[in-house]
Amino acid sequence: MAKLRKMVTYTDYRWEETEELTPEQLKKWKSGDEELQEEVEDEVEFELSHDKCLEDHGEIELIED
């Protein structure tokens with residue numbers, strides 16, 4: 001018997017977004033201060049906006065018993 005084999009690499013790209021920022025969060029974010037930006041990151045939740053899966057495979061090889 002014989003069969004075919006290939007190695008497949010899947011790469012997922014995900015875009016995640018938050019709800020609307022409050023005026024205070026927006027002010028902190030735009031300040032450019034990393035500590036304030038980290039505060040905003042801790043306050044919000046990111047949710048999947050959309051994603052894309054890419055597939056790449058190598059050559060197909062024949063496997064014979």
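**Exercise 1.** In this predicted model, locate Ile60 and decide whether Ile60 is buried or exposed. Then state which residues form a nonpolar patch on the surface.

*Solution.*
- Step 1: Ile60 sits in the loop that lies between strand S3 (47-57) and strand S4 (61-64).
- Step 2: The relative accessibility of Ile60 is 51%. Exposed means over 50%, so Ile60 counts as exposed.
- Step 3: The nonpolar surface patch is formed by Leu4, Ile60 and Leu62. Together these residues have about 330 Å² of accessible area.

**Exercise 2.** Assign Val8 to an element and to an accessibility class, then find which residues Val8 touches beyond four places in sequence.

*Solution.*
- Step 1: Val8 belongs to strand S2 (residues 8-17).
- Step 2: With a relative accessible area of 28%, which falls between the limits of 20% and 50%, Val8 is partly exposed.
- Step 3: Not counting residues up to four places away in sequence, Val8 touches Glu55, Asp56 and His57.
- Step 4: For one of these, Glu55, the separation from Val8 is 47 residues in sequence, while the C-alpha to C-alpha distance is 6.9 Å.

**Exercise 3.** Place Gln37 in its element, classify Gln37 as buried or exposed, and describe the surroundings of its side chain.

*Solution.*
- Step 1: Helix H2 (residues 34-43) contains Gln37.
- Step 2: Gln37 has 17% relative accessibility; because buried means under 20%, Gln37 counts as buried.
- Step 3: Leaving aside neighbours within four places in sequence, the contacts of Gln37 are Lys28, Trp29 and Gly32.
- Step 4: For Trp29, the backbone oxygen is 2.8 Å from a polar atom of the Gln37 side chain.

Key:
Residues are numbered from 1 along each chain as its sequence is written. This is a predicted model: local features need pLDDT of at least 70, side-chain atom pairs count only at pLDDT 80 or more; totals for chains, interfaces and linings use all residues. Side-chain values use heavy atoms; hydrogens and water are left out. Helices (H or I, at least four residues) and strands (E, at least two) are DSSP runs, numbered from the N terminus. Buried means under 20% relative accessible area, exposed over 50%, partly exposed in between (1.4 Å probe, protein chains only). A polar contact is a pair of N or O atoms within 3.5 Å; within protein, one must be able to donate a hydrogen and the other to accept it, and residues adjacent in sequence count only if both atoms are side-chain atoms. Contact means heavy atoms within 4.5 Å. Patches are made of residues with over 30% relative accessible area and no salt bridge: like charges are joined within 9 Å, nonpolar side chains (Val, Leu, Ile, Met, Phe, Trp, Tyr) within 5 Å. Accessible areas come from the Shrake-Rupley method with a 1.4 Å probe; for residues, only the protein chains shown count as cover. A salt bridge is a side-chain nitrogen of Lys or Arg within 4 Å of a carboxyl oxygen of Asp or Glu.
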